[in-house]
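Visitor: Could you take me through the salt bridges here, one pair at a time? I'd like a close look at who is paired with whom and how exposed the partners are.

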Amino acid sequence: MQRFWQAFRVGAWLGWKTESNWTNPLFYILWSLLLPMSNGLIMTMMLRVLQRTGNASGADLLPYVFIGTVVYSIVALLLDSMAWAVLEDRERMGMLKYIAITPSSMYGYLWGRGFAKVSINFLAVPLTLTFGALVLDIPIRLSTIDWPLLLVVSLLGLLIVTFAAQILAGVTLMIARHAGFVGQAVSGALYLFTGALFPITVLPNWMQVITRAVPLTYWLEGMRRALWVDAQNPVYNTGLNQLSTSNLLLILLGSAIAMAVISIPLQRRAEHRAKEKGLLDMNTAY
Amino acid sequence: MQPEYAIRTVNLQRTYKTKERVLKALDGVDLAVRPGELFGFLGPNGAGKTTTIKILTTLLLPSGGTAEVWGFDVLHEADAVRRHINMVSGGESSGYGLLTVRENLWMFTQFHGMDSKVANKRIDELLEVMGLADRAKTRVSFLSTGLRQKMNYIRGLLTDPDVLFLDEPTLGLDVEAARTLRTYTRHWLDTNPGKTVVLTTHYMQEADELCDRVAIISGGTILACDTPTSLKYSLQQDVVFRLFTTPVAPAFLQAVEQIAGVQSISQRSGDQRDELSLILRDDAILPQVLSQLANHNAGLLSLEKRQPTLEDVFVNLVGHSLSESEATA
Ligand SMILES: Nc1ncnc2c1ncn2[C@@H]1O[C@H](COP(=O)(O)OP(=O)(O)O)[C@@H](O)[C@H]1O
Ligand SMILES: [Mg+2]
């Protein structure tokens with residue numbers, strides 16, 4: 001455990017040092033706003049166009065899409081962060097082998113890198129939500145936010161994504177070449193299969209089945225319920241409104257445990273495979 | 001507490017499987033290195049030096065045999081091994097470009113759980129030794145490859161390892177920097193009794209000058225292992241000549257090898273002339289070699305009798321020179 005925290009601290013420190021090289025807090029705030037905001041705006045435009053041309057069930061899905069997209073921006077960042085650290089350290093910096101021969105914990109280090117990524121970009125979420133509430137009239141009000149639910153759901157969700165990120169890092173560790181796509185591909189695919197963009201009821205049946213099996217679907221739903229009073233209103237036909245919030249929490253908790261149970265031995269296995277194949281230092285061209 | 005052996009391997013094997021072929025990189029390596037030794041691996045590119053180091057530093061699993069470092073098994077007690085080792089490989093430009101030299105070094109002391117104050121003091125000392133003190137606050141991306149390599153060497157020493165692995169540490173360094181590194185490595189061993197260094201090199205002279213003992217490795221097997229003096233002494237009964245000639249044909253070399261009493265001949269082709277290293281049982285055989293030279297229409301430019309070097313030992317064992325085997329590796 002001590003080795004874990006030691007390595008975690010170094011990973012977090014390195015992440016902050018190398019990924020947050022802003023000299024000016026104003027830049028930081030702008031940076032935090034720009035990316036998720038432009039995403040949110042694009043989604044809003046698309047949605048408005050679709051609703052004008054397509055049918056009009058009357059329900060305005062903007063809050064659904066907006067919250068989903070903004071929260072997902074953190075998912076995408078965290079999910080890819082550890083696999084990215086493995087690649088960067090191994091291939092670009094040539095440092096992974098020097099980390100691997102220290103008596104510290106590779107997990108701890110990778111968790112630290114992931115933590116850095118999330119914490120650097122975290123401010124973006126409340127800032128963009130505020131922007132949404134003030135400018136786009138998204139019905140998020142400080143007085144109606146369910147704070148305890150928000151806290152619990154955020155923590156469980158981040159834990160699930162962290163374990164998922166660790167699995168991707170493990171896979172990357174076992175792949176010799178062209179491993180760069182792993183994190184990207186998964187976070188791209190999940191964008192579709194988590195109901196971030198649109199209610200899962202619009203998906204074909206088989207896609208709905210997959211989506212319901214992905215824990216992050218429940219995380220996004222939980223975040224919507226915490227932030228937006230009307231989230232469970234049947235008019236939105238989200239396909240999840242029947243699920244009670246306590247069951248949703250149970251699903252999240254179960255998922256977190258399951259992900260831990262999968263990812264920890266997988267990481268160990270990945271390190272072993274990498275040592276078997278000699279992949280920890282990959283600066284030679286074999 | 002010092003173990004009996006800093007490094008001990010028994011019948012160490014490693015094969016690499018690629019799509020095209022299965023390659024036996026190590027084929028039964030037996031090693032026994034005592035604490036306090038500066039042990040050298042001398043061999044051409046592709047001999048298996050890096051593979052050995054990678055197994056001993058827990059980066060690569062052996063395909064067979066056993067290896068212990070500081071008394072711990074590399075396979076089953078990797079964590080314990082890691083507490084006692086560090087490693088530096090030369091000829092690469094590694095490092096986090098956005099961090100300063102000091103930050104890069106400090107970071108690695110933290111992986112070992114070193115106290116920050118102690119770490120910084122040691123960083124200062126070693127930066128001084130390697131002539132990098134004025135670069136402590138420079139971003140690594142601004143450093144030349146040579147300077148990065150010096151930083152990397154400091155990283156290796158920083159944690160005060162019991163066994164330090166140096167894989168071709170002077171590869172790509174200028175003469176001055178290479179000398180500093182060698183001198184300090186020796187000094188570190190002399191002032192820290194019990195510390196052990198394993199160094200690989202394909203520079204004959206580096207192995208000769210620096211190492212207490214040298215293992216000559218080629219094709220994944222150790223051909224000889226002894227002190228440089230003893231290795232050279234094995235050639236004492238023989239005589240070694242260096243000849244410069246006008247370019248000679250392969251037929252000449254073959255003819256010379258046929259002569260009884262010729263231990264080996266190796267050729268290094270230069271501009272307009274060849275350098276030949278000749279190991280003979282006896283001075284008296286030299287005239288026969290020279291007459292072959294005439295038979296093959298080549299001229300003698302100069303001739304020198306000299307002391308055997310490790311290179312000669314290598315040639316005698318392998319049948320061709322270090323640089324020749326590199327060309328074919
Ligand atoms: N990852 C690898 N995959 C396939 N072959 C390899 C790999 N690493 C090394 N080899 C081969 O193994 C042999 C020994 O290599 P190495 O240990 O790097 O030699 P050295 O360090 O003495 O130059 C060489 O023939 C090399 O081509
Ligand atoms: Mg090598």
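Guide: Let's start with A:Glu19, which counts as partly exposed at 24% relative accessibility. This is a predicted model, by the way. The salt-bridge partner of A:Glu19 is A:Arg113, with the closest N and O atoms 3.6 Å apart. A:Arg113 sits in helix α5 (residues 106–121) of chain A and A:Glu19 in helix α1 (residues 2–19) of chain A, so the pair ties together parts 94 residues apart in sequence. Unlike the partly exposed glutamate, A:Arg113 is buried, at just 2% relative accessibility.

Over in chain B, have a look at B:Glu206 and B:Arg182: their closest N and O atoms come to 2.8 Å in a salt bridge. B:Glu206 belongs to helix α7 (residues 204–210) of chain B and B:Arg182 to helix α6 of chain B, so parts 24 residues apart in sequence are tied together. Here B:Glu206 is the buried partner, at 2% relative accessible area, while B:Arg182 is partly exposed at 21%.

Back in chain A, the first pair has company: salt bridges with shared partners join A:Glu19, A:Glu88, A:Asp89, A:Arg92, A:Arg113 and A:Lys117 into one network.

One more from chain B: B:Asp162 and B:Lys195 form a salt bridge, the closest N and O atoms being 3.4 Å apart. This one runs between loops, with B:Asp162 between α5 (145–158) and β7 (163–167) of chain B, and B:Lys195 between α6 (175–191) and β8 (196–201) of chain B, 33 residues apart. B:Asp162 is buried at 19%, and B:Lys195 counts as buried at 10%. Over all chains, the count of salt bridges is 33.

Conventions. Residues are numbered from 1 along each chain as its sequence is written. Chains are lettered from A and ligands numbered from 1 in the order in which they are written. This is a predicted model: local features need pLDDT of at least 70, side-chain atom pairs count only at pLDDT 80 or more; totals for chains, interfaces and linings use all residues. Side-chain values use heavy atoms; hydrogens and water are left out. A salt bridge is a side-chain nitrogen of Lys or Arg within 4 Å of a carboxyl oxygen of Asp or Glu. Helices (H or I, at least four residues) and strands (E, at least two) are DSSP runs, numbered from the N terminus. Buried means under 20% relative accessible area, exposed over 50%, partly exposed in between (1.4 Å probe, protein chains only).
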